[in-house]
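Please find below some comments on the aromatic contacts, set out as numbered points.

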Amino acid sequence: MSLVKTQSFFIKNLDSLEATVLGESAKKHDAETRNQGSFKLLTNNIRKINSLGAKVKIWVSVSKTNYKGVFALVENLIKKEKLQISGLGVQRIIPQGRACNSLENSLSESQVGVVFKQLDQIYKKLNIPVVFEDPFPLCVVDEKYHYLQTHKCEWGFKIASINFNGDMGRCGADSRFLLGNVLAVSDLQSFWEKNKILQDFRSSNWMPTKCQACGLLENCWCGCSLSRVTNKDHEKDILCSFS
């Protein structure tokens with residue numbers, strides 16, 4: 001089988017093709033990746049995928065360094081780079097990995113407003129759907145933008161992470177609170193439904209009382225538990241308005 005046929009086979013049989021872009025220009029993206037030429041390589045690969053008949057979902061991790069350039073980032077990819085984009089996924093910088101125990105790049109409430117204004121423009125002007133990997137607490141989002149965030153984080157509800165040893169975690173971004181080893185579980189469905197950490201997370205008992213009674217809860221679930229420096233598996237979003 002030729003290389004092109006092999007590529008076409010995999011592209012046609014994959015559910016989703018996704019890529020993370022870290023800045024609205026090659027210079028800013030390369031600065032974030034710390035790898036000169038990474039933007040050009042990424043966009044060229046997306047272009048190859050487009051040539052084989054598939055679009056790519058773009059992910060952006062919003063932070064204090066790039067929150068003003070989200071619209072420009074997507075517009076640049078579509079109009080200048082001529083890429084075919086299927087959607088935009090929004091992630092947040094959390095105090096894990098390179099940002100471990102640091103809130104230096106976390107957004108303030110006013111900066112969240114700037115981001116949502118751009119997401120509204122991306123959806124309406126560029127016709128690009130928007131989804132959230134790490135939801136924001138909707139109590140800090142202008143009501144006119146609530147339509148953009150339509151569901152809570154799926155980690156712990158529909159998806160989980162499993163490392164190479166078979167250890168399962170509730171969230172793919174935090175490996176500290178392991179639920180157990182799937183290789184040692186005889187009934188994985190029962191394990192998923194009855195695990196104490198997951199049961200507590202899926203309840204709303206750990207949230208502020210006002211959040212528990214909020215009509216918007218199903219679309220934010222108190223935001224992202226990993227938005228703050230914490231020693232708990234789940235805790236209210238650092239931007240949550242309620243105590």
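1. Tryptophan 221 has a relative accessible area of 7% and is therefore buried, since the cut-off for that class is under 20%. This value, like the others in this note, is computed from a predicted model.

2. Seven aromatic pairs are present in the structure. In one of them, phenylalanine 157 and phenylalanine 201 meet in a tilted arrangement, with 5.4 Å from centre to centre and 50° between the planes. Because phenylalanine 157 belongs to the loop between β4 (130-132) and β5 (161-162), while phenylalanine 201 belongs to helix α7 (residues 196-202), this pair ties together parts that are 44 residues apart in sequence.

3. The two partners of that pair can be set side by side by accessibility: phenylalanine 157 is partly exposed at 22% relative accessibility, whereas phenylalanine 201 is buried, its relative accessible area being 4%.

4. Phenylalanine 157 also pairs with tryptophan 221, here edge-to-face, at 5.5 Å centre to centre and with 90° between the planes. Since phenylalanine 157 lies in the loop between β4 and β5 and tryptophan 221 in the segment after α8 (209-212), the pair ties together parts that are 64 residues apart in sequence.

5. Which residues do ring pairs link into a cluster? The cluster consists of Phe157, Phe201, Trp206 and Trp221.

6. Lysine 152 should be considered together with these rings, as its charged end sits over the ring of phenylalanine 157, 4.7 Å from the ring centre. Lysine 152 also lies over the face of tryptophan 221, where the distance to the ring centre is 5.2 Å.

Key
Residues are numbered from 1 along each chain as its sequence is written. This is a predicted model: local features need pLDDT of at least 70, side-chain atom pairs count only at pLDDT 80 or more; totals for chains, interfaces and linings use all residues. Side-chain values use heavy atoms; hydrogens and water are left out. Rings of Phe, Tyr and Trp (its six-membered ring) pair if their centres lie within 6.5 Å; planes under 30 degrees apart count as stacked, over 60 as edge-to-face and the rest as tilted. Helices (H or I, at least four residues) and strands (E, at least two) are DSSP runs, numbered from the N terminus. Buried means under 20% relative accessible area, exposed over 50%, partly exposed in between (1.4 Å probe, protein chains only). A charge sits over a ring if NZ of Lys or CZ of Arg is within 6 Å of the ring centre and within 35 degrees of the ring normal.
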